[in-house]
Amino acid sequence: MTAFNYDSIDLAALPPETEPARQRYFIARLRHWTKKRREALGRPLTCFVTTFGCQMNAHESEKLLGILRDAGFEEGRDETADLVLYNTCTVRENADLRVYGRLGRVSTIKKKNPDMMIAICGCMMQEEHVIEKIRKSYPFVDVVLGHINNYRLAELLAERIDCGHQVIDIENGRRRIVEDLPAERKYSFKSGVNIMFGCNNFCSYCIVPYVTGRETSREMKDILNECRLLVKNGVKEIMLLGQNVNSYGKTLANPITFAELLKEVEKIDGLERIRFMTSHPKDLSDELIEVMKNSGKICRHLHLPLQSGSSRILKIMNRHYDKEQYLELARKIRQEIPDMAITTDIIVGFPGETEEDFLETMDVVEKVQYDSAFTFIYSKRSGTPAAKMEDQIPADVIKDRFDRLLALVQANAAKRCELLQGTDQKVLVEEEDDHMYGYVTGRLSNNSVVHFEGSKDLIGSIVPVHLDEARGFYYMGTMIR
Ligand code: SAH
Ligand code: SF4
């Protein structure tokens with residue numbers, strides 16, 4: 001992430017074997033290539049990165065974009081760019097379908113512009129049947145790169161340029177953590193920071209552990225160095241990222257807890273807000289609640305995926321908690337930190353889910369009063385234990401349950417939203433308002449969005465805002481001057 005002097009690399013030498021030196025060598029080679037192309041075309045080369053899926057993937061894209069920037073590409077606006085990269089997600093089937101749709105469309109652009117390069121990476125590429133399909137049906141894709149080894153993007157592009165045909169490179173197993181590669185930031189004032197990769201939980205519906213490999217934590221010193229550098233460069237809010245942050249550090253040579261890591265991140269001067277994603281309820285310790293409670297920087301927002309409120313279903317999901325344990329945890333958090341917003345993920349229509357099971361989910365939603373919830377229709381992922389289960393639920397039953405759940409979630413969220421109406425809150429201003437000229441949009445510590453009158457030079461600062469009106473899931477406010 002530090003500016004690196006690529007001109008110091010000897011391109012006549014063989015590529016180094018060690019990382020990050022090897023990737024820097026290939027970035028330098030691509031820089032040489034993009035420079036020549038730029039001179040020949042009389043314009044800069046552009047790249048366009050599209051991200052599917054979660055916040056972790058969005059952060060992966062920032063790193064991929066960082067590599068491409070250093071390699072001499074400028075960011076383009078759409079798929080007419082010289083290099084188009086899709087960073088895919090495979091957590092639900094519709095994510096896969098959207099990627100195939102986009103590939104179909106970009107193929108027509110490539111027919112008109114055969115010099116353009118198309119690359120595809122991310123979780124979906126970790127599945128064999130996807131690779132087979134791309135090999136067979138999408139031969140125009142130039143580079144296919146796995147999720148676990150995506151740091152090798154520059155190397156693969158260089159190989160593609162040399163060999164002139166489709167290059168596929170997928171690794172399996174544990175992700176190798178390579179430090180000190182470039183990263184681009186979408187926002188100057190907030191950034192994600194990976195603290196761990198992969199997942200060991202094998203929830204029975206979920207493909208993530210199969211496609212992201214075994215859980216691996218980054219060394220605390222590397223995380224802290226990255227955070228310090230970000231803050232030095234103007235970042236005020238950091239989101240610590242992992243599939244299950246509560247088990248951070250367990251596999252390190254000198255094990256430490258997530259709560260201990262948070263205490264160290266808190267000490268960084270100039271850092272104002274800390275967020276993290278995602279917390280698995282089974283591993284959320286009292287120590288963590290205590291650290292959150294005493295912190296002036298950890299935001300008042302906890303994402304605590306429920307998945308189902310039925311203890312019977314939770315067992316089959318392999319979640320390692322039951323309804324009562326979850327409710328007790330939520331109660332404890334609300335008691336210790338009353339202003340903490342709690343949000344969640346819920347799956348509707350897991351195989352064998354009965355009306356009674358579903359009503360248990362509704363009961364938890366009613367009791368916890370979530371500030372918001374992502375509700376998902378169960379998606380069958382081949383290779384997971386749930387895909388083989390009998391009694392998959394018919395679509396019309398799922399649709400009915402989904403609608404009832406959504407209505408309850410929205411009603412509760414609106415009630416929670418009203419609680420802060422009329423109060424003054426600190427807001428990190430994020431962007432100009434999409435819909436209202438002269439307005440900006442920002443976030444409260446609890447992650448709620450507020451719109452208020454203001455100019456774009458407020459972006460990136462934390463300002464006091466009076467919340468005039470709660471509108472279901474966001475606020476209209478007035479900045480206090
Ligand atoms: N590691 C995070 C979740 C990552 S996936 C956690 O455990 O909380 C994000 C969400 O997608 C999950 O919380 C789950 O609600 C949903 N999800 C995962 N697999 C799914 C599937 N097969 N069908 C529908 N939703 C799924
Ligand atoms: Fe998937 Fe469960 Fe891992 Fe989350 S904890 S990524 S839901 S297996």
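The legends below describe close-up views of a predicted model.

**View 1. The surroundings of ligand 1 in the predicted model.** In this view, 15 residues surround ligand 1, and the closest are Arg92, Gln243, Gln307, Asp345 and Ser379. Sorted by class, this shell is made up of 7 nonpolar, 4 polar and 4 charged residues. A reader who wishes to trace individual atom pairs can begin with Arg92, where a polar side-chain atom lies 2.9 Å from an oxygen atom of ligand 1. With Gln243, a polar side-chain atom is again involved, and it lies 2.7 Å from a nitrogen atom of the ligand. Tyr205 takes part through its backbone, since a polar backbone atom of this residue is 3.0 Å from a nitrogen atom of ligand 1. On its own, ligand 1 has 540 Å² of accessible area, and the protein covers 90% of it. Two elements, the strands β13 (341-348) and β14 (372-377), are the ones that give two or more residues to the shell around ligand 1.

**View 2. The listed cysteines Cys54, Cys89 and Cys123.** An unreviewed UniProt entry lists Cys54, Cys89 and Cys123 under "binding site". Although these three residues are spread over 70 residues of sequence, they cluster in space, and the largest C-alpha distance is 10.9 Å. Cys54 is found in the loop between β1 (46-51) and α2 (55-70), while Cys89 has its place in the loop between β3 (83-88) and α3 (93-112). Is Cys89 buried or exposed? Cys89 has a relative accessibility of 10%, and it therefore counts as buried, because buried means under 20% relative accessible area. Cys54, at 43% relative accessibility, counts as partly exposed. Apart from residues up to four places away in sequence, Cys89 touches Phe52, Gly53, Asn57, Ala95, Asp96, Cys123 and Met124, so that Cys123, another of the listed cysteines, is among its contacts.

**View 3. The listed cysteines Cys199, Cys203 and Cys206.** Under "binding site", the unreviewed UniProt entry also lists Cys199, Cys203 and Cys206. Cys203 is found in the loop between β8 (196-197) and α6 (208-212), and Cys206 is likewise found in the loop between β8 and α6. Which residues are in contact with Cys203, when its neighbours within four places in sequence are left aside? They are His280, Met317, Asn318 and Arg319. Cys203 is buried, with a relative accessible area of 8%, and Cys206, at 13% relative accessibility, counts as buried too.

**View 4. Gln23 in helix α1 and its contacts.** Gln23 is found in helix α1, which consists of residues 21-41. With a relative accessible area of 1%, Gln23 is buried. The side chains of Gln23 and Glu155 are joined by a polar contact of 2.9 Å. When neighbours within four places in sequence are left aside, Gln23 is in contact with Tyr151, Arg152, Ala154, Glu155 and Leu181, and a reader following this view can therefore find Glu155 both in the list of contacts and as the partner in the polar contact.

Methods: Residues are numbered from 1 along each chain as its sequence is written. Chains are lettered from A and ligands numbered from 1 in the order in which they are written. This is a predicted model: local features need pLDDT of at least 70, side-chain atom pairs count only at pLDDT 80 or more; totals for chains, interfaces and linings use all residues. Side-chain values use heavy atoms; hydrogens and water are left out. UniProt positions are given in the numbering used here, feature names are shortened, and annotations may be inferred rather than shown by experiment. Helices (H or I, at least four residues) and strands (E, at least two) are DSSP runs, numbered from the N terminus. Buried means under 20% relative accessible area, exposed over 50%, partly exposed in between (1.4 Å probe, protein chains only). Contact means heavy atoms within 4.5 Å. A residue is near a molecule or strand if one of its heavy atoms lies within 4 Å of it. A polar contact is a pair of N or O atoms within 3.5 Å; within protein, one must be able to donate a hydrogen and the other to accept it, and residues adjacent in sequence count only if both atoms are side-chain atoms. Accessible areas come from the Shrake-Rupley method with a 1.4 Å probe; for residues, only the protein chains shown count as cover. Ala, Val, Leu, Ile, Met, Phe, Trp, Tyr, Cys and Pro count as nonpolar, Asp, Glu, Lys and Arg as charged, and the others, Gly among them, as polar.
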